[in-house]
Amino acid sequence: MEIRKLLVANRGEIAVRIFATCERLGIATVAVAPPDDRGALHTRRADETVEIAGYLDAQEHVRAARESGADAIHPGYGFLAESPEFAATVRDADLLWIGPPPEVLRAAGDKLEAKRIAAKAGVPVVPTGDPAEIGFPLVIKAAAGGGGRGMRVVRAPDDLDEALAAARREAKAAFGDDRVFFERYVERPRHVEVQLLADGEEVSSLGERDCSVQRRHQKILEESPSPAVEADLRASLGDAAVAFARAVGYEGAGTAEFMLEGESFWFLELNARIQVEHPVTELVTGIDLVEQQLAIASGRQASALGSTRDPEGHAVEARLYAEDPLTFLPQAGRIERLRLPEDVRVDAGVEEADEVPVAYDPLIAKLITHGETREEALDRLAQGLIETEVRGVRTNLPFLRWLVAHPELRAGHATTAFLIDYPPLSRAPKVSGPWAGSWGRERGSRPLLTVEATARATEAAGAEQSVVKAPMPGVVVRVLAAEGDRVEPRQPLVLLEAMKMETPLVSPYAAVVRRVLVSEGDRVAGGAVLVELEE
């Protein structure tokens, strides 16, 4: 089936990215947006826009497609991208679905079922089971989705009940399904994923990406190929990914994710969609993955299928977010000034004068560079970050500049514990040579401000804090303290939800709760006082 007009059931940079390929291929495009996102960049990049009630309403996307005359729907990533119900709804409306069929989405999207299929196909998996079987530390994961939502690391039995309740709430909010499972927690692995293309019969691996640098289980910087993967290991990872894809009858573009420790690896999950970090694979293979998705869905032979390609050079991607560079808490506001580099690939979701909204992902742009060597790609990214300027909203730009210059990152040693071992914006010690050796937390370096440590000190030097404020706009999920309670340092007082992630706001010191100013379900603005304390 030839695609004449494509509706993208998404927003932001991924919608803009898909529209770019469609424009090159001569395919007309349709954007959708609810009232609170009217006029966003993706609506200005499409040939036409249809207003919908919300991005999570499957029937609204189908209505928009019919109203605009679109014959195909691309889900992008996030929202409904991995929903078998949405895929079935699109197909039942006689529209072309750009993605795996519903039955494959069900098998791949259920993390427990995916692990069972992987094990049966001979792919190594991380042990799962009851906490008593696995022991501690363990990780709680949402069965119906990923992206860090519904995930909690638990290090002691006493912390299990609260973490389990929080994981279920977050999974329910993000995926409409509160099922979770327990998995053995590997402390310092690398996170490596393999890009797949498949048409239901033939499956090809397009190499791996390293996504080890993460905050709150969400990726910050990605590269291809992985500095930890040599040719033999690359072949083994690719074989395992292909084996799983064949076992589920996969179709389209997808990503098999693995934990890597030395030469050992374990299957984590299959992301049945295009990934945020797909551009690094495009730069080292020369393949437009969105074009391949469209070809497979329309029944044409995808040019990348049946070929095995070694990576050409090296590519690195950094995600520029509207978020605090120390705590990674999301920010919102109007972008007064935006200057992005011209000599690197930039996939942007906003322009100057646009609003970074409270309700959606705060990703501003992705900067992706390519070089003949890893060092060259990192140097180009570092220069691109120097040339980047954002005013009007706080961003993680200082953090990204620090990260790309970090000796341990430059040495290729980063694991998923990178930001635990090396606090954001901490000072690097002197080393004997460029990127020589490893380095730890230096005395006098800036302390790590975790997500939990969101209560701010007063401006007066040495003064004790008397209030706990919301670090960002959000919804109060739970109130954990009452007037008159005596609380300990770092004891959670309020759970705040923003962008479907829960943030515990804690007491900065031992105190008595003088007043609680919010109730569960309240919407609060950034900076709002939630709890008053007294010694």
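These legends accompany several close-up views of a predicted model.

**Figure 1. Helix α5 and the elements around it.**
Let's start with helix α5, which spans residues 102-109 and is mostly covered, with six of its eight residues buried. Those buried residues are Pro102, Val104, Leu105, Ala107, Ala108 and Gly109. What do they pack against? Their partners are α4 (84-92), β5 (96-97), α6 (111-120) and β13 (264-271).

**Figure 2. Asp110, in the loop between α5 and α6.**
Asp110 has a relative accessibility of 17%, so it counts as buried, the cut-off being under 20%. Its side chain and that of Arg179 are joined by a polar contact of 3.1 Å. If we leave aside neighbours within four places in sequence, Asp110 is in contact with Leu105, Ala143 and Arg179. Leu105 may look familiar: it is one of the buried residues of α5.

**Figure 3. The largest nonpolar core.**
In soluble globular proteins, nonpolar side chains tend to be buried together. Here, the largest nonpolar core has 52 residues. Inside this core, the residues with the most contacts are Leu7, Leu196, Phe258 and Phe267. Which helix gives the core its largest share? That is α9 (residues 231-247), which provides seven residues. Apart from this core lies another one, of 33 residues, including Ile335, Leu378, Leu397 and Leu419.

**Figure 4. A closer look at Leu196.**
Leu196 is among the residues with the most contacts inside the largest nonpolar core. Leaving aside neighbours within four places in sequence, the residues in contact with Leu196 include Val203, Ser204 and Ser205. Ala241, Val242 and Ala245 are also among its contacts. Others on the list are Gly252, Ala253, Gly254, Ala256 and Leu270.

**Figure 5. Ser212 in strand β10 (residues 203-215).**
Is Ser212 buried or exposed? Ser212 is buried, because its relative accessible area is 1% and the cut-off is under 20%. The side chain of Ser212 makes a polar contact with the side chain of Asp210, at 2.7 Å. Beyond neighbours within four places in sequence, Ser212 is in contact with Arg190, His191, Ala414, Thr415 and Thr416. You can also find Glu222 in this view: it is 10 residues from Ser212 along the chain, and their C-alpha atoms are separated by 7.5 Å.

**Figure 6. Ser224 in strand β11 (residues 218-224).**
Here is another buried serine: Ser224 has a relative accessibility of 2%. Where does its side chain reach? The side chain of Ser224 reaches the backbone oxygen of Glu208, at 2.7 Å. Glu208 is also among the contacts of Ser224 when neighbours within four places in sequence are left aside, together with Arg209, Val280, Val284, Gly313, His314 and Ala315.

**Figure 7. Aromatic rings in pairs and in a cluster.**
A pair of aromatic rings is described by the distance of the centres and the angle of the planes. The structure holds 11 aromatic pairs. One of them is formed by Tyr55 and Tyr360, which meet edge-to-face, 5.4 Å centre to centre with 80° between the planes. This pair links distant parts of the chain, 305 residues apart: Tyr55 is in the loop between β3 (48-51) and α3 (58-68), while Tyr360 is in the loop between β18 (355-356) and β19 (363-371). Both Tyr55 and Tyr360 are buried. Phe418 and Tyr422 form a tilted pair, with 5.3 Å between the centres and 50° between the planes. These two residues are buried as well, and they belong to one aromatic cluster with Phe328, Phe399 and Trp402. Elsewhere, Arg215 lies over the face of Tyr321, at 4.6 Å from the ring centre.

**Figure 8. Val404 in helix α13 (residues 397-404).**
Val404 is buried, with a relative accessible area of 1%. Which residues does Val404 touch, not counting those up to four places away in sequence? They are Leu221, Leu378, Leu381, Ala382, Leu385, Leu409 and Arg410. Leu378 is one of the residues of the core of 33 residues. For a sense of scale, Val404 and Arg490 are 86 residues apart in sequence and 31 Å apart in space, C-alpha to C-alpha.

Notes:
Residues are numbered from 1 along each chain as its sequence is written. This is a predicted model: local features need pLDDT of at least 70, side-chain atom pairs count only at pLDDT 80 or more; totals for chains, interfaces and linings use all residues. Side-chain values use heavy atoms; hydrogens and water are left out. Buried means under 20% relative accessible area, exposed over 50%, partly exposed in between (1.4 Å probe, protein chains only). Helices (H or I, at least four residues) and strands (E, at least two) are DSSP runs, numbered from the N terminus. Contact means heavy atoms within 4.5 Å. A polar contact is a pair of N or O atoms within 3.5 Å; within protein, one must be able to donate a hydrogen and the other to accept it, and residues adjacent in sequence count only if both atoms are side-chain atoms. A nonpolar core is a set of buried Ala, Val, Leu, Ile, Met, Phe, Trp, Tyr and Cys residues joined through side-chain atoms within 4.5 Å. Rings of Phe, Tyr and Trp (its six-membered ring) pair if their centres lie within 6.5 Å; planes under 30 degrees apart count as stacked, over 60 as edge-to-face and the rest as tilted. A charge sits over a ring if NZ of Lys or CZ of Arg is within 6 Å of the ring centre and within 35 degrees of the ring normal.
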